[in-house]
Every structure is written in structure tokens, then in C-alpha cells.
Amino acid sequence: MNKFPMGHVVATPGALEALEEAGQTPDFFLDRHVRGDWGEVCSEDKQLNDQALVDGSRLLSAYRALRGTRIWVITEAADDDGKRAATTILLPSEY
């Protein structure tokens, strides 16, 4: 069950290349993210994400592709109407 709307989904070239090298698709990580499986984030970030589900602030998930590359999925904060405009898949170095 999805916990929030992701808005427009985009990915950086570096993240797409890392996923292709690992033989994985963005959908695998997006599905985890939207279900509230935040991956390899610290307990403080997990709490911030859980709070963001209530207050509309930014959501951050961190995962590892099969070849060990770290992948981040970030959903931007909600606008004044409570809508989230975009979710980005990227490498931490691209942030």
C-alpha cells in the first residue's frame, strides 16, 4: 500500500547507469520507498520520514544496488496544497 504520492518520477544518469550495471530497475526501489521501507537510513532519518508522512516534508530513502552502489530516493516536500511534485532516484554524490 502506498503511503504517499510520488509526483513526477525522475532519475539521474548516474543512478540509471548503476541500476543497469546491477541488472535492476528503478521500480524495485520506488516500490520500497512509496511503501515506507526507507532502507539503510539511520534511526533519526527514519523518524524524520515517518514525521514527513504527517507534515508533508521531504522523504529520503537509501538502498544498495546488487553491486553495492548506494542509491538514494528523495521525494520533495509537499506544496501548499499538500501535493508532492517530484521523486528523484540519484547517487549520493549527485545530491
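A polar contact is a pair of N or O atoms within 3.5 Å; within protein, one must be able to donate a hydrogen and the other to accept it, and residues adjacent in sequence count only if both atoms are side-chain atoms. Keep that in mind. Here is a first case: the backbone nitrogen of G14 lies 3.3 Å from a polar atom of the E94 side chain.

Before going on, some ground rules. This is a predicted model, where local features need pLDDT of at least 70 and side-chain atom pairs count only at pLDDT 80 or more, while totals for chains, interfaces and linings use all residues. Residues are numbered from 1 along each chain as its sequence is written, and side-chain values use heavy atoms, with hydrogens and water left out.

Back to E94. Where is E94 found? E94 sits in the segment after β4. Helices (H or I, at least four residues) and strands (E, at least two) are DSSP runs, numbered from the N terminus. E94 is partly exposed, at 33% relative accessibility. The cut-offs: buried is under 20% relative accessible area, exposed is over 50%, and partly exposed is in between, with a 1.4 Å probe and protein chains only. Contact, from here on, means heavy atoms within 4.5 Å. Leaving aside neighbours within four places in sequence, E94 is in contact with T12, G14 and A15. E94 and W72 are 22 residues apart in sequence, and their C-alpha atoms are 9.6 Å apart.

Now the whole chain. The protein chain has 3 helices and 4 strands. From the N terminus, the order is β-α-α-α-β-β-β. How does the radius of gyration fit a compact globule? With 95 residues, such a globule would have a value near 12 Å, and this chain has 13 Å, which agrees. That radius is taken over C-alpha atoms, and the globule rule is 2.2 Å times the number of residues to the power 0.38. The C-alpha atoms fill a box of roughly 40 × 25 × 25 Å along the principal axes. Of the 95 residues, 38% count as buried. Take the contacts with a separation of 6 or more: residues 24 or more positions apart account for 53% of them.

Next, helix α1. Which residues of α1 are buried? They are G14, A15, A18, L19 and A22. Seen down the helix axis, these fall within an arc of 130 degrees, so they line one face of α1. The arc is that of the directions from the helix axis to the C-beta atoms. P13 and E20, on the other side of α1, are exposed. The buried residues of α1 pack against α2, β3 and β4. After α1 comes G23, with a positive phi near 70 degrees.

Look at A18, which lies in α1. A18 is buried, at 9% relative accessibility. Beyond its neighbours within four places in sequence, A18 is in contact with T69, I71 and L91. A18 and Q47 are 29 residues apart along the chain, and their C-alpha atoms are separated by 28 Å.

On to α2. Its buried residues are F29, L30, H33 and V34. They fall within an arc of 125 degrees down the axis, so they too line one face of their helix. Their cover includes β1 (8-11), α1, β2, β3 and β4. G36 follows α2, and its phi is positive, near 90 degrees.

Then the core. In soluble globular proteins, nonpolar side chains tend to be buried together. A nonpolar core here is a set of buried Ala, Val, Leu, Ile, Met, Phe, Trp, Tyr and Cys residues joined through side-chain atoms within 4.5 Å. The largest one has 24 residues, and those with the most contacts inside it are F4, L19, I71, W72, V73 and I89. Two or more residues each come from α1 (13-22), α2 (26-34), β2 (59-64), β3 (70-75) and β4 (86-90). Take L19. Leaving aside neighbours within four places in sequence, L19 is in contact with Q24, T25, P26, F29, A65, I71 and I89.

Last stop: T75, in strand β3. Is T75 buried or exposed? T75 is buried, with a relative accessible area of 0%. What does its side chain meet? The T75 side chain makes a polar contact with the side chain of T87, at 2.7 Å. Outside its neighbours within four places in sequence, T75 has contacts that include F4, H33, R58 and A86.
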